[in-house]
Structures are given as C-alpha cells and as structure tokens.
Amino acid sequence: MSGRAQLMWDDAVTGYDFGPEHPMDPVRLALTRKLIGAFGLDREIEVVAAQAAGDSTLQLVHREDYIAAVKAASADPDAADTSYGIGTIDDPAFRRMHEVSALIAGQSVAAAEAIWRGDVAHAVNFAGGLHHAMPGGAAGFCIYNDASLAIARLLELGAERVAYIDVDVHHGDGVQAAFWEDPRVLTISLHEHPRTLFPQTGWPEETGAGDGEGSAVNVALPAGTSDAGWLRAFHAVVPELIEDFRPQVLVTQHGADTHFEDPLAHLAISLDAQRMVQEACHDLAHQYADGRWLALGGGGYAIVDVVPRSWTHLTAIAAGRPVEPTAEVPEEWRHEVFARTRQSAPRRMTDGRTPKWLDWSAGYDPADRLDQTILATRRAVFPQRGLLA
C-alpha cells in the first residue's frame, strides 16, 4: 500500500450553502482549505477532485424517490417536498442542491475506493461527514449521507469489516440507521446526551438488531463534559472494541462542534483534545486496519476560531506531517479570514490546553455522571461482543 495520503477537494463543494442565516456557513470549508495550503501541506498530501456520486451510487443508501425529490427541489427550491425533510428550517432547499450534495458524497466514495485499492493509506474529506441524512430524508443540515455511502461502497467492493467512529457532538444517527442490522459494520458514536441535544437518539441501549445486534455503540455524554471526561470516555470504550473487531478499514467522523466555543451544543472540548482524538484514530487505523483510514469532517459552527484549525490538524496528521499545537497561524491566512469575515483569526494552532485523563483501568466511580455513562455503554454492548463490561 502506498504511504501517500489524499485530500479530497473541489472548490465547488463550497456551493453547499443553505443561505446567509444558516449556521452551516460554507466559508468554514474555504478557510480550512486555505489554512491547509498556508501550512504547505499541499506538498505532503495529494489533492484530488473526484466526480459527483451518480444515482446508482446514491442508491446504495438512499431511496430512489428521495433522490428524485432532492433533484426536484434542486431545480425549483420553492417546490421542495418537506415530507422528505427538505425545504425546512434545518435543511432549506437551494438551487443545485443535488449536484453539490452528490459532489461531496462522490469525494468520500472515491476516497474509500482509493483506500480499498491500496492506492493510498489515508484520505481526508473534511467537506463530508454529513451523518444525519437518512435513506429517505434529509436531516440535521445533511442531504446525502456520504459516510454511509463510503462504507456501503467498501462493502460492495468486498470489505467484510468496516469500523466507523463518530466524535461529532451530535449522534451519528444516519450511519447507525444504515447499518443497524449489518454485522459487517461497527458504528461507535460519542455525543452529547440525547436528553439535551438533537437528534435525541444515541442512547446506550441502542445496540443494533438482528444479525447486527451488538454492532452499534453509543456513548451519551453529559452536557458540560470537558477534555478529561471526553478523552476518558473515548479510551474507555473505543480501543477495546476496535481491537476486538479488527476492521479492514477505519472510517472516522470529526465534527468540530464538541468545542467549547461552538454555539449549537453544550460540550466543553478544546482544540487540543480534538487533535488528540484525531491522533488516536490515526493510531488505531495503523494498529488494527493496516493503516486504512478515511477521515471526514462533520459539524462545527465556530467557523473561524475552531473549524479550520481542527480540520487542518486532521489533514496534517493524515499527511504524516502533524502541525505542532504551538505553531503560529500563518499571517497570510489571518488576512484571508479578515477579508472574508471581518473577524480576527486565532494566532496559534492551540487553545493552550494540555489535556490529561484518568484511564479506565485505574478504576471508576459509580456515583460519577461520566463514569455512569461509560458503564452504561460497556454494559449494553460489551457482553454482546464477548467482552467484559
């Protein structure tokens, strides 16, 4: 397998634009791409633009009638059929919505194909990670579920075990739903508790069904969880499951909306902890998946201070040239930020944190809310997989 990594990018993905009042501002994608270039990472990673996913590919996950509804709304946004979740407050219809959504999906699918062929070890599509879209409907700012489509393509190509790790602040409900009964796909989601955040799913008792029983894993974190708790929960659940499952490919979703500055959620995670989890996913891919790693973006609505830095770290890790947290943000990028947003850009690639956590093997406190969360997940799913809770 080549050691070279790919960054999936086409400027046209910034056309994924729900309008000026919507929190998912596509400038976050443009600024991320500019920051990656400002750090010279283009010399370390191959930048590739793939074709849009065609109907036959989209139908690996999405219903034909839903795709037709997206196309119709794309041509005439005023005629959007809200029964499919489009033309709503969360997912307003816009012209060429189908084309740009299919383009983002195509980047993730092409990346999965390149990894499976052995052309590259790692691939990043930070425009992807649109994990809420369902087979028959849009949801949560997501039209087509590129993560599910990439996994479905891997299965179509012959993969027998694909693991999906989702660390977005919101539950990865669309991916879980797509593979709810499929034992070939292990989905693990760490997210804010459904009592306090959309989409109100992702309870620890959601573990899959039929042949897939025990293949869905949910860690529902209390609102206010900070670095130490987030990292403790990740390491108390994820590595043991990945070691047991031994995936052939690891797909990860890195929504940056866990951050303490994010306006739409209630976790308190730093950029530095996000970077540590990115590195942990990279390491897990090398330990258990022969290095095959597809890394996706996701949510993230602190569009200047957080998203570009977080996903630049992700890309740099995949490229094999991590950016030091203490590195200064290039001045040219700071000027770009001000020109586009009239906001001041951060000066360093860190929040100044040095996160530490207590490993689960050191013991737990059954009266602690975070440890209760971890215990609930382990007790729900570990015995189903033949592991000790």
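Here are a few friendly points on two helices and the cavities of this predicted model.

1. Ground rules. Residues are numbered from 1 along each chain as its sequence is written, and side-chain values use heavy atoms, with hydrogens and water left out. Because the model is predicted, local features need pLDDT of at least 70 and side-chain atom pairs count only at pLDDT 80 or more, while totals for chains, interfaces and linings use all residues.

2. Helix α3. Helices here are DSSP runs (H or I, at least four residues), numbered from the N terminus. The 12 residues of α3 (residues 64-75) should span 16 Å, and the end C-alpha atoms are 17 Å apart, which agrees; the expected span is 1.5 Å times one less than the number of residues.

3. The faces of α3. Y66, I67, A69, V70, A73 and S74 are buried, meaning under 20% relative accessible area with a 1.4 Å probe and protein chains only. Seen down the axis, these buried residues fall within an arc of 160° (taken from the directions from the helix axis to the C-beta atoms), so they line one face of the helix. On the other side, E64 and A75 are exposed, that is, over 50%. The cover over the buried residues includes α2 (55-58) and α4 (97-117), with contact meaning heavy atoms within 4.5 Å.

4. Helix α9. This helix (residues 307-319) is mostly covered, with 13 of its 13 residues buried. Just after α9, G320 takes a positive phi of about 85°.

How values were computed. Helix = DSSP H or I, 4+ residues; strand = E, 2+ residues; numbered from the N terminus.
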